[in-house]
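Here's a quick briefing to read with the model open beside you. Grab your viewer and follow along, topic by topic.

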Amino acid sequence: MSTQIVVSQKYFSKYLFLSLGFFLIFSISCQAQQGKTWLQFEGKSGPGKGKHIVLVSGDDEYRSEEGMPMLGKLLAEHYGFTCTVLFPIEPETGNIVPSYQNNIPGLEHLAKADLMILLTRFRELPDEQTKYFHDFIMAGKPIIGMRTATHAFHYEKNKNSPYAKYDWRNKSAGWEGGFGQKILGETWVAHHGEHAKEGARALIDGPAQLANHPILRGVNDIWAASDVYTVKNLTQDAQVLVYGQPTKGMTPDTPLIWEKSVMPMAWTKDYQVEGGKKGKAFATTMGASVDLQSDDLRRLIVNAVFWGLDMSDQITPDLNVSIVGKYEPTMFGFGTFRKGMKVEDFK
């Protein structure tokens with residue numbers, strides 16, 4: 001008996017040593033990538049301490065590579081959430097290249113994330129990266145989708161991928177409209193406002209506001225430079241919180257275009273995929289980096305974070321949504337991203 005115990009202790013010690021070794025290697029590897037392929041802002045105190053949010057940027061027009069780090073800093077500094085920000089990286093240079101559609105390193109952080117904020121457009125990632133995204137959905141964890149997240153994926157090269165059903169044009173039964181339609185409630189349709197010529201004025205849903213919907217607390221005035229999207233296939237289980245009316249120009253003081261109808265511009269929705277757990281999503285067709293200069297749009301997103309994490313009791317109309325540090329967003333447009341930028345430039 002004593003010999004067996006000695007042998008067991010020997011193998012246990014060896015196993016423990018190897019496990020610690022692998023853990024240290026993984027930790028060192030992760031730390032080595034901090035500031036190179038992803039950023040992490042550690043939450044130190046506040047109601048969000050102990051919660052992990054992953055913010056995924058990856059669109060080639062609306063400068064999510066600028067907006068996501070700003071939101072991550074805000075959520076970490078003011079509320080204690082630990083926020084990891086991911087970027088589209090060109091492997092050859094290590095630069096952030098929003099038009100590089102096939103690489104967003106660091107998605108493995110989703111395995112331990114409590115909530116994801118997503119703003120990608122037409123991505124076709126390697127299956128080994130998308131798997132983390134798929135596992136997150138299967139776990140039924142909360143998702144916030146911004147602007148082009150309605151058409152987050154576009155499969156052209158690997159149409160046999162098990163994740164090709166995420167394609168925004170997908171027509172297979174049960175996944176019509178891909179990720180956008182299935183998870184967020186709508187896929188890409190068209191621009192309703194004239195792109196880059198007409199802005200969007202938010203019209204808060206009165207009944208939801210009167211009912212004290214937590215996401216709308218303190219949200220009164222939003223103007224976004226990015227135009228109103230056409231929304232015509234929104235699923236029946238979605239609850240619209242904000243509608244959008246096009247404006248005649250690209251400044252907040254321009255009048256509304258009354259001839260154009262209003263469109264849903266922010267809503268909530270429950271989601272569940274086959275074999276997966278039930279989750280909830282918040283989606284908004286706003287979210288360009290310049291849009292996020294609006295205090296109340298940032299408030300809408302922050303409120304949605306608390307709502308998604310079942311922390312609605314923490315939402316008050318005066319939550320701090322001030323920007324941490326300097327924020328000078330680039331106007332949206334194809335090819336307008338800042339060239340040669342590394343991840344560490346957004347610390």
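Thr-187 counts as buried because its relative accessible area is 9%, under the 20% cut-off. Keep in mind that this is a predicted model. Thr-187 sits in a loop, with helix 4 (178-184) on one side in sequence and strand 6 (190-191) on the other.

**Around Thr-187**

- What does the side chain of Thr-187 reach at 3.4 Å? That would be the backbone oxygen of Gly-177.
- A polar atom of the Thr-187 side chain also lies 3.0 Å from the backbone oxygen of Trp-168.
- If you skip the neighbours within four places in sequence, Thr-187 is in contact with Thr-150, Trp-168, Gly-177, Gly-180 and Gln-181.

**Salt bridges**

- The count for the model comes to 16 salt bridges, and a few of them are picked out here.
- Asp-167 and Arg-169 pair up through their side chains, with N to O at 3.3 Å.
- Is Asp-167 buried or exposed? Asp-167 is buried, because its relative accessibility is 5% and the cut-off is 20%.
- Its partner Arg-169 has a relative accessible area of 34%, so Arg-169 falls in the partly exposed class.
- This pair belongs to a bigger picture: Glu-156, Asp-167 and Arg-169 are linked in a network of salt bridges.
- Lys-278 and Asp-270 form another salt bridge, and their closest N and O atoms are 3.8 Å apart.
- Lys-278 is exposed, since its relative accessibility of 55% is over the 50% cut-off.
- Asp-270, at 37% relative accessibility, counts as partly exposed.
- Glu-328 and Lys-326 also meet through their side chains in a salt bridge, with 3.8 Å from N to O.
- Both Glu-328 and Lys-326 are exposed.

**Helix 3**

- Helix 3 covers residues 127-138, and at 1.5 Å a residue its 12 residues should span 16 Å.
- The end C-alpha atoms of helix 3 are 16 Å apart, so the model agrees with that expected span.
- Which residues of helix 3 are buried? They are Gln-129, Thr-130, Phe-133, His-134, Phe-136 and Ile-137.
- These buried residues lie on the same side of helix 3, because they cover an arc of only 155° around the axis.
- As background, an α-helix has 3.6 residues a turn, so residues three or four places apart point the same way.
- The cover over the buried residues of helix 3 includes strand 4 (115-120), strand 5 (143-146), helix 4 and strand 11 (263-271).
- After helix 3 comes Gly-140, and its phi is positive, near 70°.

**The sheet**

- How many strands form the open sheet? There are 10 strands, the pairing is mixed, and the order is 1-3-2-4-5-12-11-10-7-8.
- The edges of the sheet are strand 1 (38-41) and strand 8 (223-224), each of which pairs on one side only.
- Strand 8 runs antiparallel to strand 7 (residues 200-204), and 2 bridges join them.
- To find one of these pairings in your viewer, look at Ala-200, whose bridge partner in strand 8 is Ala-224.
- In general, strands of a sheet pair through backbone hydrogen bonds, either parallel or antiparallel.

Definitions and conventions
Residues are numbered from 1 along each chain as its sequence is written. This is a predicted model: local features need pLDDT of at least 70, side-chain atom pairs count only at pLDDT 80 or more; totals for chains, interfaces and linings use all residues. Side-chain values use heavy atoms; hydrogens and water are left out. Helices (H or I, at least four residues) and strands (E, at least two) are DSSP runs, numbered from the N terminus. Buried means under 20% relative accessible area, exposed over 50%, partly exposed in between (1.4 Å probe, protein chains only). A polar contact is a pair of N or O atoms within 3.5 Å; within protein, one must be able to donate a hydrogen and the other to accept it, and residues adjacent in sequence count only if both atoms are side-chain atoms. Contact means heavy atoms within 4.5 Å. A salt bridge is a side-chain nitrogen of Lys or Arg within 4 Å of a carboxyl oxygen of Asp or Glu. The expected span of a helix is 1.5 Å times one less than its number of residues. The arc is that of the directions from the helix axis to the C-beta atoms. Two strands pair if DSSP finds at least two bridges between them.
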